[in-house]
Amino acid sequence: MMQVKELIRQVAQTDATVLILGESGTGKEVVAQCIHLFSLRNAYAFVPLNCGAIPAELLESELFGHEKGAFTGAITARKGRFELAEGGSLFLDEIGDMPMEAQTRLLRVLQEGSFTTVGGTRYMQSDVRIVTATHQDLRKQIAAGKFREDLFYRLHVVPVNLPPLRARAEDIQILTEHFLADAAEQGLPHKAFDTSAMLALMHHTWPGNVRELKHLIVRICTTVPK
């Protein structure tokens with residue numbers, strides 16, 4: 001994790017495109033936020049979008065915006081995430097779930113530095129730092145015909161690999177103390193872990209990674225009596 005922190009510090013001072021790789025729950029969005037926070041773009045917006053949470057037919061509208069009447073239900077014009085992130089950083093989470101058609105449009109924006117809204121004809125220049133993340137093996141996605149190889153190489157400029165929590169048990173105590181303090185700040189009862197409880201945490205495999213640990217701490221603070 002010290003190597004990851006140093007890489008974040010180095011890449012934040014550039015405009016290089018970053019691809020964050022790691023299992024679900026390892027903190028990929030936190031890394032993306034840190035890259036933005038320590039960059040020269042931090043006076044502008046950090047705009048996240050989970051590509052796997054948006055229906056395929058709406059994703060292009062979410063990314064690029066749309067004009068009034070562009071499709072059924074478009075009763076007003078709307079700005080997309082690229083326009084909202086202008087000058088700042090756009091974080092595209094679960095990029096491996098992006099449909100091929102949207103991948104093609106994203107690649108065009110990265111190549112040309114401009115885009116049009118859905119239903120629009122006017123090209124708008126884009127000055128946005130792109131950070132993406134995925135838990136998938138994009139090379140396997142390419143082999144399966146589900147991800148564009150040319151887009152992969154556009155995104156895979158600086159890869160940041162986040163290790164799973166089970167591979168860094170030495171971080172569990174620090175994270176636990178942080179989440180306990182955070183829970184107390186939110187008004188939950190203060191808790192402390194004795195040595196045996198901490199050892200139990202450190203020997204767990206944590207399939208849900210840091211997110212699982214955080215939710216466990218909240219559950220304990222909420223339900224375990226004093």
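This report describes two helices and two pockets of a predicted model.

## Basis of the values

The model is predicted, and local features need pLDDT of at least 70, side-chain atom pairs count only at pLDDT 80 or more, and totals for chains, interfaces and linings use all residues. Residues are numbered from 1 along each chain as its sequence is written, and side-chain values use heavy atoms, with hydrogens and water left out.

## Helix 1

Helix 1 spans residues 2–12 (helices being DSSP runs of H or I with at least four residues, strands runs of E with at least two, numbered from the N terminus), and Val4, Ile8, Val11 and Ala12 are buried in it (buried is under 20% relative accessible area, exposed over 50% and partly exposed in between, with a 1.4 Å probe and protein chains only). These residues are on the same side of helix 1 because they cover an arc of only 100° around the axis, the arc being that of the directions from the helix axis to the C-beta atoms.

The face turned away from this buried side carries the exposed residues Met2 and Gln3. The cover over the buried residues of helix 1 includes strand 1 (18–21), helix 2 (28–37), strand 6 (129–134) and strand 7 (158–161), where contact means heavy atoms within 4.5 Å.

## Helix 10

Helix 10 has 15 residues and reaches 21 Å from its first C-alpha to its last, close to the 21 Å expected at 1.5 Å a residue (1.5 Å times one less than the number of residues). Its buried residues are Asn209, Val210, Leu213, Leu216, Ile217, Ile220 and Cys221; seen down the axis, they fall within an arc of 130°, so they line one face of helix 10. Helix 8 and helix 9 (195–203) are among the elements that cover them, whereas Thr222 and Thr223 are exposed on the face turned away from the buried side.

## Pockets

The largest pocket holds about 1100 Å³ of space (a pocket is an open set of points on a 1 Å grid over the protein atoms alone, where a 1.4 Å probe fits, with protein on both sides within 12 Å along at least five of seven lines, and lining residues have an atom within 4 Å of a point; a volume is the space filled by probe spheres set on the points, which are joined across faces, edges and corners). Of its 31 lining residues, Thr26, Gly27, Val30, Leu175 and Val210 lie nearest the centre. Helix 2 gives the largest share of this lining, six residues.

The second largest pocket has a volume of about 170 Å³, and helix 5 (100–112) and strand 6 each supply at least two residues of its lining.
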